[in-house]
Amino acid sequence: MNIIRLHPNMIEAVRGHSDIVDVISEHVVMRKRGKEYIGLCPFHDEKTPSFTVSPSKQLYYCFGCQTGGDSIKFLMEIGKQSFCDVVLDLAQRYQVPVQTLQPEQQQELERKLSLQEQLYEIMALATAFYQHALKQPQGQGALEYLRSQRGLRQETIIHFQLGYAPASWQSIYHYLVEHKHKPVELVEQAGLIKPKKGGGYYDYFRDRIMIPIHDPYGRVIAFGGRSLGNEQPKYLNSPETPLFDKGKTLFGLDKANTFITKQDQAVVVEGYFDAIALHTAGIRNVVACLGTALTIAQVRQLSRYTESKGIVLNFDSDSAGNTAIQKAIGQLAIAAANDLVQIKVLNLPGNKDADEFLNSDPDGTKYRELLLNAPSWIDWQIEQELSNKDLNQSDQFQQIAFIMTKLLRQISHNKSQLGYYINHFAQILSQGQKQLVPLYIENFKSELTKSFKQTKQTVVNKQQSLLERSEALLLRIYLHCPEHRHTIMNSLADRDLFFSIPHHHFLWQQIIKLLETVALDSEDLIYLVQECSLHFPDKKYQFSYLFYLDEIFKEHIPRVLILIQAAIACMEISVLEKRRNYCLEQLNSSSQEHKKFYWQEFQSTNHRLVELQKLRNLTSLNES
């Protein structure tokens, strides 16, 4: 196999174009200290940050483990990749032309280029096609809409690369496949065409204003299409592709990131034209979340650019917009409660979205003033509830008190914030009667203490019950199905899991001892375990039922592998939930830089828990 030798000029160009802070911040949570950035080293365990990154030198160094280097070396170490692979990845990311020492190697190198790189090229060609179509007679209606109804100047249309998808069924298909000779399967993977039932393809976007969606590096990865007629949906996004994940993408981030950093705040709106209008008005720290509630993944992207993690949600003021805000807050409540993200909410007067509001505020003066005074997420939620409630009515008073208690539970890990809002909510409920404030404060504290104890006990009972069934299921399969013992053994070892219910742990220890003298797949193992358990009559009664097969278990034998997966997932969930709770406890007591570390651990643990929930089949476990 020929070794690809990259040209030194290309390697230096990659070093020159790549930003070490940009590269490392994807793997390490860092904060600025003077001219450098610091964080917890990803190469060894540490509690006090000793990992430093110098933007001016484009180097990193850890004073704890003495490792250091440039962005190329960092990616080689963190991803265990070769030098060549890292340089090629960075070249694609920063659009550095690929060069090799031997011209004949170019073809071999091209085969190594990823599917993504080919899709980027297809999306760039499609963007140019749609831009060109906007200037043609067939695009005059779309251009008039942008100028008259949206009030966009020509420079804004060009800046955001707006275009038009012709109404015909195969315009982009003919251009990319027949004219540019791009493989039809790649054009389909890019989300630009769809197969017909009877054969052939048709365009995904037709008779729509085309709004390119870029990644943070300015590459087009998807489109949003706005219909001009009555076609539904009014807005159509590209389908999910190897380039595009809607829940992880923010429209306009490529144009907003430097302004977010300068202003130390990001504004998130719902629609494309809201973001475009605000940028046009000179408010450029704005992104749009593509019509969905803000996700943790999107917040993680934004947090790379702002020191304070300040995010303002400016969604539509109608019921749908408020529902989206509530959903976003629900997902981010733990991070917000621990000051890892500072969420504010801006509702514009008159139930208007940003685009509509700027019609009477073209330079954004009023908008900036409202942005400056936007309330925190907690204050906004209480304002929403109080707007249609009368505290003089007993039932409505109780509703508000209940909602306040619920909000206090959400921030219970942040003692300073909790103390402030207990007092603030008591002031609201007292309606100016100062003598009642201490009473309401005491009521809030009592409710929080009671609900905390109840919740903790309920969770413990539920976890214990399901965990016990899962462990019993695994032991029963292990005893009665010798052909699956290797699978169970390997699954437990791979995930470093053990039986935690005392009598299950005891039984497993007896099995391990017997395996020193008996083959793993021996049919006699179950009888030997039974014989062994006779010596421990006080324990035997707790697990003796596992030695026998009931009718329900016999019914599940054909899908025993699924049951093993589910039980293993449940055991891992139990371990990870303890880790998640530990992270939450540490979030409450740690310093700010350590909070970021534990928040990152909490997020990764939570992500794994979501995956495991899909594997766990609760019905199967209940039945068995």
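Reader: Which residue in β10 is the bridge partner of Pro212, and what makes strands β9 and β10 a pair?

Author: The partner of Pro212 is Phe223. This is a predicted model, in which local features need pLDDT of at least 70 and side-chain atom pairs count only at pLDDT 80 or more, while totals for chains, interfaces and linings use all residues. Residues are numbered from 1 along each chain as its sequence is written, and side-chain values use heavy atoms, leaving out hydrogens and water. Strands are DSSP runs of E with at least two residues, helices are runs of H or I with at least four, and both are numbered from the N terminus. Two strands pair if DSSP finds at least two bridges between them; β9 (residues 208-214) and β10 (residues 220-227) have 7 bridges and run antiparallel, so they count as a pair.

Reader: Why are β6 and β11 called edge strands?

Author: In the open, antiparallel sheet of 4 strands, the order is β6-β9-β10-β11. Strands β6 (163-165) and β11 (235-237) each pair on one side only, which places them at the edges. From one strand to the next, the twist averages 35°.

Reader: Which helix lies across β6, β9 and β10, and at about what angle to β10 does it run?

Author: That is helix α6 (residues 115-135), at about 35° to β10. Contact here means heavy atoms within 4.5 Å, and the angle, on a scale from 0 to 180 degrees, is taken between the N-to-C directions of lines fitted to C-alpha atoms, for helices over the stretch in contact.

Reader: How do you know that Cys62 is in no disulfide?

Author: A disulfide is a pair of cysteine sulfur atoms within 2.5 Å. The nearest cysteine sulfur to that of Cys62 belongs to Cys41 and is 3.6 Å away, so the pair fails the cut-off. The structure as a whole holds 0 disulfides.

Reader: Why do Cys62 and Cys481 count as buried?

Author: Buried means under 20% relative accessible area, exposed means over 50%, and partly exposed lies in between, with a 1.4 Å probe and protein chains only. Cys62 has 0% relative accessibility and therefore counts as buried, and Cys481, at 6%, is buried because it too falls under 20%.

Reader: What makes β3 a partner of both β2 and β4?

Author: Strand β3 is joined to β2 (residues 36-39) by 3 antiparallel bridges, with Ile38 opposite Thr52. Strand β3 also pairs with β4 (residues 59-62) over 4 bridges, again antiparallel, and here Ser54 stands opposite Leu59. Between β3 and β4 the hairpin has 4 residues, and Gln58 takes a positive phi near 55°.
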